[in-house]
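Keep the sequence and the 3D view open while reading. The text below goes through the enclosed spaces, then the chain as a whole, then the open pockets.

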Amino acid sequence: MRHAEANHPSSRACSRFWRDPALPFIESRTVLDGRRVCYARHSHETFSIGLIDSGASTYLNGEHQCRIEAGTLVLMNPGDVHACNPIQNQPWAYRMLYVDAAWLANLQDRLGMAGSGFRRFAPILTRDDRLRAGFHRLHAELTDPHADPLRKQSEAVAFFTALHERLGLQPQTAHQDAKLQRAADYIADHYQRSLKLEEISRAAGVSPSSLIRGFKRQFGMTPHAYLTNRRVQFARAELRRGRPIAEAALAAGFADQAHLQRAFKLLLAATPGHYRDR
């Protein structure tokens with residue numbers, strides 16, 4: 001029997017996910033009433049791009065915070081700490097695409113862009129009319145149950161090629177503290193088990209107090225929030241593969257399904273059951 005909260009009508013009535021096994025590199029979410037879908041600050045391992053269809057909301061990405069309205073495309077690079085939430089309970093609606101970073105990196109290579117791995121986009125939003133129209137076409141094609149997978153993939157390549165042609169990429173990233181990066185890498189390598197602050201500090205070669213201060217400055221969240229976010233992203237990928245919720249929770253490092261339920265809803269504004277069943 002499914003978890004009772006996973007079938008709560010408010011979450012399923014205003015939000016739906018789309019996935020297709022034939023196109024594992026891309027996923028979509030449509031939110032019809034953004035007042036019922038509120039996020040804590042979080043990040044994704046995917047590249048995310050979304051179109052505001054109606055209304056307005058606040059948009060936080062790193063150190064930037066602004067108001068966004070209908071017609072705006074928002075962009076989040078992998079690892080960007082972000083959140084979009086309603087303004088004083090005003091209605092708003094949007095559609096998001098989550099794209100595998102390795103797939104995009106491969107496209108960037110084919111487009112002749114210098115670099116290694118995924119190259120980050122410079123803007124966090126755009127109101128480009130051609131890109132907005134392209135997003136509409138791509139989303140309609142992807143979610144059309146009768147469209148051929150080859151057409152869907154071709155439309156995806158066309159849209160993301162245009163995205164690269166019309167928007168600039170970030171210059172080489174500024175130097176980051178290597179010790180703090182070691183701390184993040186340690187969490188990423190060991191998130192599936194219980195971790196202590198002192199353990200992470202020793203691995204990074206910094207004091208616990210220095211770790212807490214510097215980590216949030218460099219990564220936009222505390223070590224604990226980083227750990228929770230990593231676990232949620234892992235559980236999300238496992239649910240997408242069809243793994244049972246309770247198994248995904250334990251594999252991700254959560255104590256039980258209830259802990260995953262709370263963290264998943266806080267960061268992704270959906271229950272694991274809603275996400276799994278779409």
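F17, R29, Y39, H42, H44, Y98, R236, F264, L268 and Y275 line the second largest cavity of this structure, which is a predicted model. The space inside that cavity is about 60 Å³. By class, its lining has six nonpolar, two polar and two charged residues. The charged ones can be picked out from the list: R29 and R236.

How many cavities of 30 Å³ or more does the structure hold? There are two. The largest cavity has a volume of about 110 Å³. Its lining is made up of 13 residues, and those closest to the centre are Y39, M76, C84, Y94 and M96. Y39 also appears in the lining of the second largest cavity.

Strands supply much of what can be said about the walls of the largest cavity. β5 (73-76), β6 (82-86) and β7 each give at least two residues to the lining. The largest share comes from β7, with four residues. Which classes of residue make up this lining? It has 10 nonpolar and three polar residues, and no charged ones.

Next comes the chain that holds these spaces. Its secondary structure consists of 11 helices and eight strands. The C-alpha trace spans about 50 × 50 × 40 Å along its principal axes. For 278 residues, a compact globule would have a radius of gyration near 19 Å, and the chain agrees with this because its own value is 19 Å.

Burial and contacts add to this description. Of the 278 residues in the chain, 49% are buried, where buried means under 20% relative accessible area. Among contacts with a separation of 6 or more, 69% are between residues 24 or more positions apart. The accessible surface comes to about 13,600 Å². Carbon and sulfur atoms account for 51% of that surface.

The pockets are the open counterpart of the cavities. The largest pocket has a volume of about 1,200 Å³. It is lined by 40 residues, of which G79, D80, R120, Q176 and Q218 are the closest to its centre. Three helices, α5 (178-190), α7 (208-219) and α8 (223-240), each supply at least two residues of the lining. Q218 falls within the range of α7. The lining of the largest pocket divides into 14 nonpolar, 17 polar and nine charged residues.

The second largest pocket holds about 460 Å³ of space. Which residues lie closest to its centre? Of the 22 residues in its lining, they are P24, E27, T46, A237 and R240. Two or more lining residues come from each of β2 (26-31), β7 (92-99) and α8. Of these, α8 gives the most, with six residues. By class, the lining of the second largest pocket has 10 nonpolar, three polar and nine charged residues.

Some elements recur across these spaces. α8 contributes to the lining of the largest pocket and also to that of the second largest pocket. β7 contributes to the second largest pocket and to the largest cavity. R236, in the lining of the second largest cavity, falls within the range of α8.

Note on methods: Residues numbered from 1 in each chain as written. Predicted model: local features only at pLDDT ≥ 70, side-chain atom pairs only at ≥ 80, totals over all residues. Heavy atoms only, no water. 1 Å grid on protein atoms, 1.4 Å probe; cavity = no way out; pocket = protein on both sides within 12 Å on 5 of 7 lines; lining within 4 Å. Points joined across faces, edges and corners; volume = space filled by probe spheres on them. Rg over C-alpha atoms; globule rule 2.2 N^0.38 Å. Buried < 20%, exposed > 50% of the residue type's maximum accessible area, 1.4 Å probe, protein only. Contact = heavy atoms within 4.5 Å. Areas by Shrake-Rupley, 256 points an atom, 1.4 Å probe, with all protein chains shown as cover.
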